[in-house]
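Reader: I'm new to this one. Could you walk me through the helix packing and the pocket?

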Amino acid sequence: RALALAEDGYAPAYPIVGHKYLIGSGTQVDLAAAERWYRMAAKNLEFPDQEPLTDLAGILGPVYGREEKADELLRESARAGGRRAQAELQSRGLSW
């Protein structure tokens, strides 16, 4: 149901679908599809404090060992004003 809603343009479903692809809930794990949906969520924020790319990075790094990609996503989120991403990068001594 979430996929159908997302495909119909219902923005609140975007991060849900991304998460399903990310963890393989009801589908195979597909990191490219997960990133695609998380990026769509980032472009269609419902609330200003949402940070879909920060959320994605928080799983890609620790769970999948994709630290370089996670850092890239954190920097992108930080440059867009993501405070959680900025704090995470700052705590690790990384710039954005």
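Author: Sure, starting with a term: angles under 35 degrees count as roughly parallel, over 145 as roughly antiparallel, 65 to 115 as roughly perpendicular, and the rest as oblique. This is a predicted model, where local features need pLDDT of at least 70 and side-chain atom pairs count only at pLDDT 80 or more, while totals for chains, interfaces and linings use all residues. Residues are numbered from 1 along each chain as its sequence is written, and side-chain values use heavy atoms, leaving out hydrogens and water.

Reader: Why are H4 and H5 called roughly antiparallel?

Author: H4 and H5 pack at about 165 degrees, with axes 8 Å apart. Angles run from 0 to 180 degrees between N-to-C directions, along lines fitted to C-alpha atoms, for helices over the stretch in contact. The cut-off is over 145, so H4 and H5 are roughly antiparallel to each other.

Reader: And what makes H2 and H3 roughly antiparallel?

Author: The axes of H2 (residues 14-23) and H3 (residues 31-43) cross at roughly 165 degrees and come within 8 Å. That angle makes H2 and H3 roughly antiparallel too, therefore.

Reader: Which residues make the contact of H2 with H3?

Author: Among them are Tyr 14 and Val 17 of H2, and Trp 37 and Met 40 of H3; contact means heavy atoms within 4.5 Å.

Reader: Which elements give two or more residues to the lining of the largest pocket?

Author: The largest pocket has a volume of about 250 Å³, and those elements are helix H4 (52-64) and helix H5 (67-79).

Methods. 1 Å grid on protein atoms, 1.4 Å probe; cavity = no way out; pocket = protein on both sides within 12 Å on 5 of 7 lines; lining within 4 Å. Points joined across faces, edges and corners; volume = space filled by probe spheres on them. Helix = DSSP H or I, 4+ residues; strand = E, 2+ residues; numbered from the N terminus.
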